Amino acid sequence: MRLGLIGDAHGDLNFLVNAISTLNSTTVPEPVDEIIQLGDFGYYPAHQYGLDFIEALNDFCAEMNTTLCFIEGNHDDHDALARLDRDD
C-alpha cells in the first residue's frame, strides 16, 4: 500500500484537487492507494462553504477512486467532528 501525505489544506479545494491529482498522476511511478491530510483540513459543516467543500471533494475523490482521510488540526470544527461517527 502506498500512502500520500498532504498538509494544511485549510479548506482550499483547488489545493487538494491539485495535490490529489499529482499524487495519482501518471508521472508518479505508482499512484497512491490512500491519502492522509495532516491537520488543518478545513472542516466546517455548519457553514455552506464548508458543506460545498466537502461535497465537491467527495465527488472528486470518487472520480479519482481515491480515499482521503484527515487528521484534525486547530483550523477544524472540533465540536462538529466530535458528533461524527468515526466509522462514517
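Which residues form one aromatic cluster in this protein? They are Phe41, Tyr43, Phe53 and Phe70. I shall come back to this cluster after the overall fold. Please bear in mind throughout that the model before you is predicted.

Let me begin with the architecture. The protein has 3 helices and 3 strands, and read from the N terminus the order of elements is β-α-β-α-β-α. The C-alpha trace extends over about 40 × 20 × 20 Å along its principal axes. For 88 residues, a compact globule would be expected to show a radius of gyration near 12 Å, and the 13 Å found for the protein agrees with that. As for contacts between residues at least 6 apart in sequence, 75% of them join residues at least 24 apart.

I turn now to the surface and the interior. The protein exposes about 5,700 Å², with carbon and sulfur atoms supplying 50% of that area. Of the 88 residues, 32% are buried. In soluble globular proteins, nonpolar side chains tend to be buried together. Here, the largest nonpolar core holds 15 residues, and those touching the most other members are Ile6, Leu16, Ile20, Phe41 and Leu57. Helices α1 (13-23), α2 (48-64) and α3 (78-82) each contribute at least two residues to this core. The most comes from α2, which gives 4 residues.

Ile6 deserves a moment of its own. If we set aside its neighbours within four places in sequence, Ile6 is in contact with Phe15, Leu16, Ala19, Ile20, Leu23, Ile35, Ile36, Gln37 and Leu38. Two of these partners, Leu16 and Ile20, appeared a moment ago alongside Ile6 in the list for the core.

That brings me back to the aromatic residues. The structure contains 3 aromatic pairs. One of them is formed by Phe41 and Phe53, a tilted pair with 5.2 Å from centre to centre and 50 degrees between the planes. This pair links distant parts of the chain: Phe41 sits in the loop between β2 (34-38) and α2, while Phe53 belongs to helix α2, 12 residues apart.

Are the two rings of this pair on buried or exposed residues? Phe41 counts as buried because its relative accessibility is 3%, and the cut-off for burial is under 20%. Phe53, with a relative accessible area of 5%, is therefore buried as well.

To close, Phe41 joins two parts of this account: Phe41 is among the core residues that touch the most other members, and Phe41 also belongs to the aromatic cluster with Tyr43, Phe53 and Phe70.

Key. Residues numbered from 1 in each chain as written. Predicted model: local features only at pLDDT ≥ 70, side-chain atom pairs only at ≥ 80, totals over all residues. Heavy atoms only, no water. Rg over C-alpha atoms; globule rule 2.2 N^0.38 Å. Buried < 20%, exposed > 50% of the residue type's maximum accessible area, 1.4 Å probe, protein only. Contact = heavy atoms within 4.5 Å. Areas by Shrake-Rupley, 256 points an atom, 1.4 Å probe, with all protein chains shown as cover. Core = buried A, V, L, I, M, F, W, Y, C linked by side-chain atoms within 4.5 Å. Phe/Tyr/Trp six-rings, centres within 6.5 Å; stacked < 30°, edge-to-face > 60°.
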